[in-house]
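Grab a coffee and work through these exercises with the model open beside you. Try each task before you read its solution.

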Amino acid sequence: MNKRLLALLGVAAVVMAAVVFMNLEAKPSAGDTALKTAWGEPDLQGLWAQKYQIPLQRPARDAGKEVLTDAEVAQREADREKQAATAPKRGERIAPRGTLEDLTGAYDTTFEADPFENPRPIGHRTSLIADPPDGRIPRLTPEVQQRMREMREFQLALMQSVEACKKSQDIACFGVKPGPVSPRRAEPPPYYVAAQIMGDRVVNRADGPEDFGLSERCLSGQLPNIGGVHQIVQSPGAVSILYEGWQRVIPITTSPHVPSQIRQWRGDSRGHWEGNTLVVDVTNFSAKTDYQGSRENLHLIERFTRVDANTIEYVVTMEDATAWEKPWTVEVEMAAQDATANAIYDEPRCHDGNIALKNMLIGARMDDKAYAEGKGPDPATMCYLLCGTGNPEYAKSRMEGRGGGAAIDGTPASSSGRGQGSPGR
Amino acid sequence: MGNRVQGSLVVMAVAAAIAAGAITWVTVTRTAGQATRPARTADGKPNFSGIWQTLGEANWDVQAHEARPGAVTQPGVFPYAYARVPAAPVLALGAAGGVPASLGIVEGDGEIPYKPEAAAIKKENGQHWIDRDPELKCYLPGIPRAMYMPYPFQIVQSTNKIQMDYAFANAARTIHLDKVNEPPADTGMGFSLGRWEGDTLVVDVTHFHGNWLDRAGNFHSDALHVVERFTPITPDAIRYEATIEDPNVYTRPWKISMPLYRHLESNAQLLDYNCVEFVEEFVYGHARKQQLVKHWEGETIIVDIKRKIPPVESR
């Protein structure tokens with residue numbers, strides 16, 4: 001059986017709800033103004049999701065403009081509707097039946113959220129980043145830029161022999177200069193594959209699980225989670241947050257963080273109340289995580305404030321002097337969702353159903369075997385990333401819709417700001 | 001000191017402890033670490049918020065069992081069933097690979113009322129523990145198993161929702177005391193609907209997929225229906241009971257019970273056991289280009305055990 005088909009069947013079997021939450025906003029009801037818990041603390045509880053569609057970083061076309069006028073917002077809503085009319089719908093075929101592109105697209109359009117389905121209203125703010133005032137992630141330190149260059153060089157080395165890249169320069173092939181099979185194919189990457197540098201994957205190779213992205217390994221679900229759906233439950237002394245597929249408990253305490261030798265994928269959270277605001281300090285991240293270039297030295301200061309019955313303001317400041325030249329702050333409005341719909345039902349079971357990773361590895365071994373027996377192409381010439389995704393417009397929308405991760409030129413990505421941005425989780 | 005005097009002192013001490021406990025239970029606000037911890041919540045319910053863990057060997061085997069040399073065994077030199085020795089995969093672990101004895105958590109005779117065909121599956125499961133136990137693959141443990149695994153979990157108790165967050169596999173479940181719609185599909189951790197009956201939290205859990213109850217191969221199907229009862233014994237101990245019903249597997253509903261104990265360390269906090277990463281070799285190793293474990297035959301891992309007996313003086 002075709003390797004990609006195997007992989008895709010596996011992917012399809014992984015229950016990764018592409019549930020779209022945007023239109024589930026709870027209706028405000030009279031008397032629903034009790035913003036304190038039974039024990040008198042500010043009440044942050046409920047099911048929350050980002051209220052407006054606002055990019056993480058301010059796009060070039062809005063440079064120097066922090067907010068849009070009502071007329072501009074209306075115009076952008078109209079533009080989006082026009083775009084939506086021509087974009088492929090969920091489950092719609094984007095290539096002839098039975099082609100590789102058809103298979104790839106079938107998964108994407110069935111399981112990934114359609115960016116045009118039940119969209120959030122377009123917000124007046126032009127970036128979620130509130131500080132620095134230019135709405136852009138501060139410049140990366142030379143060390144991080146160097147690390148990204150090294151990773152990018154490794155990535156390009158593994159792509160230079162890919163046959164598909166000789167024909168087109170689509171998502172995966174962008175910037176690839178065709179060449180012979182690189183000896184670097186036998187090397188480990190220069191750094192842990194934590195960031196999603198380009199498209200879905202970093203490394204055009206499937207020698208083992210470590211060559212894959214964190215989302216494919218079911219290891220995504222990172223902080224900060226900017227705008228994603230989450231459920232908050234409180235008790236005196238603790239705040240539990242259930243995100244899409246993972247949870248954390250924030251102890252309300254003045255005690256210091258855990259010792260520095262204890263590192264966690266989601267760091268170590270310490271919360272306290274400042275008036276009506278829950279302030280959470282997060283440190284002790286793992287070196288295997290990467291948020292916009294920051295790894296184990298990431299320091300988050302999160303602020304959750306219930307501003308009215310249906311709104312939480314989430315403000316998070318990112319600090320890491322080893323990654324950025326200065327701290328930066330994101331502000332997101334979170335809207336209350338209809339909790340009776342139980343739409344949060346997306347438990348951390350990605351790993352339980354991860355037939356995809358196994359099948360992709362097995363597929364790669366079948367390629368190795370076929371090549372060894374003279375029955376197939378050299379795997380070094382094959383594309384294990386997103387080469388040849390048929391519809392260039394769709395490919396473009398995928399790339400633009402993808403949050404987080406670093407852009408191919410080594411600068412932080414402009415993104416929709418959905419946490420690490422891994423719709424494939 | 002005579003035995004009788006000692007005995008009396010013990011009785012007095014116990015009586016004093018009970019009295020102190022009772023007073024605490026009714027009136028006193030206690031503290032653990034930085035957090036104040038009243039015995040009751042603001043709405044008058046028993047306060048279950050905190051970090052909990054069971055003691056005991058239920059995760060090895062929920063049924064009453066004697067100590068075993070390993071979770072998987074093989075015939076020893078003597079052919080008797082009671083003289084088996086550890087099987088190769090756990091042999092190198094020595095005494096750490098054995099299974100401690102336990103009276104079990106199954107009420108009554110300590111035995112699960114399996115249907116005959118299910119009893120056969122259970123037996124076979126036990127012999128194929130390493131291949132079949134979802135715990136070893138870091139899969140979601142489900143309910144009730146998550147409640148007695150050797151990892152802590154945290155209860156965050158609010159008025160309409162009670163959240164239970166587990167260290168193992170970052171698993172979680174929300175107990176809904178308010179109205180919510182049913183989930184659209186089966187789940188790993190179940191769909192929990194709760195209600196208070198006096199001081200007892202009763203939780204009805206459904207929508208499971210088939211899963212295991214322990215490392216001994218005890219199991220249930222997707223027809224599992226669990227009714228849990230959480231009743232305070234003291235502010236720091238909960239009587240946990242669960243009625244387990246699954247007409248596909250058992251001849252009748254049966255019951256488990258055990259105490260849950262509060263972590264009283266002043267710095268207690270839930271740390272993640274993100275085992276997904278730890279089991280990649282176990283789950284995907286056979287599909288590596290260059291295998292770390294050198295003896296894979298298809299999807300079967302062949303473990304060669306090399307062990308040096310250390311010289312006596314270095315022990």
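Keep in mind throughout that this is a predicted model.

**Exercise 1. Where does Cys218(A) sit, and is it buried or exposed?**

Start with the place: Cys218(A) is in the loop between helix 5 and strand 3 of chain A.

Next, count neighbours. A residue needs 20 or more other C-beta atoms within 10 Å to be called buried. Cys218(A) has 27 C-beta neighbours inside 10 Å, so it counts as buried.

Now look at who those partners are. Setting aside neighbours within four places in sequence, Cys218(A) is in contact with Cys350(A), His351(A), Asn354(A) and Val276(B). Val276(B), as its chain letter tells you, is one of the contacts and belongs to chain B.

Finish with a distance. Cys218(A) and Asp352(A) are 134 residues apart along the chain, yet their C-alpha atoms are separated by 9.2 Å.

**Exercise 2. Check the length of helix 2 of chain A against what its residue count predicts, then work out why it lies largely in the open.**

First, the length. Helix 2 of chain A covers residues 70-86, which is 17 residues, and at 1.5 Å a residue it should span 24 Å. Its end C-alpha atoms are 25 Å apart, so the two figures agree.

Second, the burial. The number of buried residues among those 17 is 0, so helix 2 of chain A lies largely in the open.

**Exercise 3. Do the same for helix 6 of chain A, and list which of its residues are buried.**

Length again comes first. Helix 6 of chain A (residues 355-372) has 18 residues and reaches 25 Å from its first C-alpha to its last, close to the expected 26 Å.

Then go through the buried residues: Ala356(A), Leu357(A), Asn359(A), Met360(A), Leu361(A), Ile362(A), Gly363(A) and Ala364(A).

Last, step past the end of the helix. Gly374(A) follows helix 6 of chain A and has a positive phi, near 75°.

**Exercise 4. Find the cis peptide bonds that lead into Pro224(A) and Pro144(B), and place each proline.**

Take chain A first. The bond from Leu223(A) to Pro224(A) is cis, with omega near -5°. Pro224(A) lies in the loop between helix 5 (164-167) and strand 3 (230-235) of chain A. Cys218(A) from the opening exercise is also in the loop between helix 5 and strand 3.

Over in chain B, Ile143(B) and Pro144(B) are joined by a cis peptide bond with omega about 15°. Pro144(B) is in the loop between helix 4 (129-132) and helix 5 (145-148) of chain B.

**Exercise 5. What is the sign of phi at Asn284(A) and at His207(B), and how exposed are these residues?**

Asn284(A) isn't a glycine, but its phi is positive, about 60°. You'll find Asn284(A) in the loop between strand 7 (277-283) and strand 8 (299-308) of chain A. It has 19 C-beta neighbours inside 10 Å, so Asn284(A) counts as partly exposed.

His207(B) isn't a glycine either, and its phi is positive at about 65°. The loop that holds His207(B) runs between strand 10 (200-206) and strand 11 (211-212) of chain B. With 19 C-beta neighbours inside 10 Å, His207(B) counts as partly exposed.

**Exercise 6. Trace the barrel in chain B and inspect one of its strand pairs.**

Follow the strands in the order 3-6-7-8-9-10-13-14-15: they make a closed barrel of 9 strands with mixed pairing. From one strand to the next, the twist averages 30°.

Now zoom in. Strand 10 and strand 13 (residues 225-234) of chain B pair in the antiparallel sense over 5 bridges. Within this pair, Val202(B) stands opposite Arg229(B) of strand 13.

**Exercise 7. How many residues does each chain bring to the contact between A and B, and what is the make-up of the chain B side?**

Begin with the count: 44 residues come from chain B and 44 from chain A. On chain B, strand 6 (153-157), strand 7 (161-166), strand 8 (172-176) and helix 6 (280-284) each supply at least two residues of the side that touches chain A. Sorting the residues of that chain B side gives 18 nonpolar, 17 polar and 9 charged.

Key: Residues numbered from 1 in each chain as written. Chains lettered and ligands numbered in written order. Predicted model: local features only at pLDDT ≥ 70, side-chain atom pairs only at ≥ 80, totals over all residues. Helix = DSSP H or I, 4+ residues; strand = E, 2+ residues; numbered from the N terminus. Expected span 1.5 Å × (residues − 1). Buried ≥ 20, exposed ≤ 12 C-beta atoms within 10 Å, placed from the backbone. Contact = placed C-beta atoms within 7 Å. Nonpolar A, V, L, I, M, F, W, Y, C, P; charged D, E, K, R; others polar. Pairing = 2+ DSSP bridges. Axes fitted to C-alpha atoms, helices over the stretch in contact; angles between N-to-C directions.
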